[in-house]
Amino acid sequence: MNAVPLWLIVVIKSAIVLFVVITTFAYSMLFERKVMAWMQLRPGPNRVGPWGLLQPAADAAKMLFKEDLTPKTADPVIYRLAPFIALFAAMGTFAIIPFSESPAGVWSVGDVNAGILFVFALTSIGVYGISLAGWASGSKFPLLGSVRATAQMISYELSMTMSVVGVLILAGTTSLVGIVHAQYRLWFFIPQLVGFGIYLITAVAETNRAPFDLVEAETELVGGFHTEYSGLRFGLFFIAEYMNMITVSCIATLLFLGGWNAPFGLTFIPGIVWFLIKGGLFLFFYIWLRATLPRFRYDRLMAFGWKVLLPVATLNLMATAAVIAAVR
Amino acid sequence: MTPYGPVAIYLVVALLAAALFCFVPGLLARRKPNPAKEEAYECGVEPTSDVSGRLPVHFYLIAMLFVVFDVEAASFFPWAVQMRALGLYGLLEMVAFVVVLAIGYVYIWRRGGLEWR
């Protein structure tokens, strides 16, 4: 057999990961609509295909053929570039997310020892997509939405970083695989219960989901930063948002719920199944929140982030460090 | 290949995929231009004024505070990874650092930098 060049293998791996992630996105959207429907006692999408299973394909086809409008006040280049940035940043994080592990190696495209830093770096780039989209639209509501979004995302990013540092102290590494290995005996959500809570809250705010979806608060901002977008360009922001949801679910699973480690010694079930179950639980939790809680008011949102989450996260971090220093 | 090689290749593939999604479907979409469609959306009425460049100054303040505290957060990472090796020494160093920041934080709070009016 001819030796396949190494780069080609990586390209194929990357394409497979992207395909899986995009499919997961499509079905997480259907999942959301179905779960919301059940919580509101209605059937949800059930016309396209059995049980609505072809709904994502129908949505994609519709978006593809919609007219793509650009307002004449918009900055045409940045207006077109913004969804591209958002989508690229959302897809990029999956380069290093390990899904499972087998004796042959870790199931990820790349395994770098600065794993969690890489994820934070790329999600920060995603903020550019949103803020540029609002700015370049040349319209009032998108501008307001994007300025709000930027302030909200950078505020909550601080607390999110702090909550993750607690895990890093326990694990002694920033590599995602290393963090999962460090949880072989004890999943970190037990010693880092406060950090886990803060991560859950900030993750919802970072992905601009209800109850923190001030960014696209229909009642006051029309559609927020994507008001002017139509057709597939609008769809790309949607893809980016759901992919970010999947990313933070994966990261929460890896950092706090032991990644692919099996609970109660149920090791005969493969690690990837556990990973998917745990990630799916987070997705369900997101949807549950959206169906349950009303939207925050903007001043309360910012006050909560700066006056509650940030000090609590810092104290939690110092307490963790103190315990580690004491028992060393 | 270094650990970052596959990541770089993945990012190129992701870049191409994102470009494919962003720039190709525009060719499929139907086009029926019309002056009304090109107006900025303002709940159905014609835009009453241009977008002004003025925003509440508080957003800039938040951005500046973010820079301060994010640098703090960035300095936590190497310290956190080495915490077990540094022990009590590392803890005291970081307590001193956080106390200095906390003084600034309390000052911001007292001066109303975290309020929205």
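This is a short talk about how the helices of chain A pack together and where chain A meets chain B.

Hi everyone. Before we look around, please keep in mind that this is a predicted model.

Let's start in the middle. The largest nonpolar core has 126 residues. Helix α5 of chain A, residues 140-171, supplies the largest share of this core, with 19 residues. Which residues have the most contacts inside the core? They are A:A86, A:L87 and A:M91.

Let's take one of those, A:L87, and see what surrounds it. If we skip its neighbours within four places in sequence, A:L87 is in contact with A:L236, A:I239 and A:A240, and also with B:A18, B:F21 and B:C22 from chain B.

Now for the helices, beginning with α3 and α9 of chain A. Their axes are 9 Å apart, and the packing angle is about 25 degrees. An angle under 35 degrees counts as roughly parallel, so α3(A) and α9(A) are roughly parallel to each other. Their crossing is left-handed. On the α3(A) side, the contact is made by A:P83, A:A86, A:L87, A:A90 and A:M91. Facing them from α9(A) are residues including A:L236, A:F237, A:I239 and A:A240. Sorted by class, this contact has 10 nonpolar residues, 1 polar and 1 charged.

Next comes a second pair, α4 and α5 of chain A. Helix α4 covers residues 115-136, and its axis comes within 7 Å of the axis of α5(A). How do these two helices run, roughly parallel or roughly antiparallel? They cross at roughly 165 degrees, and angles over 145 count as roughly antiparallel, so that is what α4(A) is relative to α5(A). This crossing, too, is left-handed. Among the residues making the contact are A:I116, A:F120 and A:W135 from α4(A), and A:P142, A:M153 and A:V164 from α5(A). The residues of this contact divide into 13 nonpolar, 6 polar and no charged.

Let's step out to where the chains meet. Here 64 residues of chain A are in contact with 53 residues of chain B. Helices α1, α3, α5, α9 and α11 of chain A each supply at least two residues to the side that touches chain B. Which helix gives the most to that side? It is α5(A), with 12 residues. By class, the side of chain A that touches chain B has 40 nonpolar, 14 polar and 10 charged residues.

I'd like to finish with three single residues, all leucine or tryptophan by name: A:L221, A:L41 and A:W51.

A:L221 sits in helix α8 of chain A, residues 218-221. It counts as buried because it has 22 C-beta neighbours inside 10 Å, and the cut-off for buried is 20 or more. Not counting residues up to four places away in sequence, A:L221 touches A:F141, A:L144, A:G145 and A:E216.

A:L41 is in the loop between α1 and α2 of chain A. It has 6 other C-beta atoms within 10 Å, so A:L41 is exposed. Its phi is near 55 degrees, a positive value in a residue other than glycine.

A:W51 is found in the loop between α1 and α2 of chain A as well. Phi of A:W51 is near 60 degrees, again positive in a residue that is not glycine. With 13 C-beta neighbours inside 10 Å, A:W51 counts as partly exposed.

That's my tour. Thanks for listening!

Definitions and conventions. Residues numbered from 1 in each chain as written. Chains lettered and ligands numbered in written order. Predicted model: local features only at pLDDT ≥ 70, side-chain atom pairs only at ≥ 80, totals over all residues. Core = buried A, V, L, I, M, F, W, Y, C linked by C-beta atoms within 7 Å. Buried ≥ 20, exposed ≤ 12 C-beta atoms within 10 Å, placed from the backbone. Helix = DSSP H or I, 4+ residues; strand = E, 2+ residues; numbered from the N terminus. Contact = placed C-beta atoms within 7 Å. Axes fitted to C-alpha atoms, helices over the stretch in contact; angles between N-to-C directions. Parallel < 35°, antiparallel > 145°, perpendicular 65-115°, else oblique. Left-handed = near helix turned anticlockwise from the far one by under 90°. Nonpolar A, V, L, I, M, F, W, Y, C, P; charged D, E, K, R; others polar.
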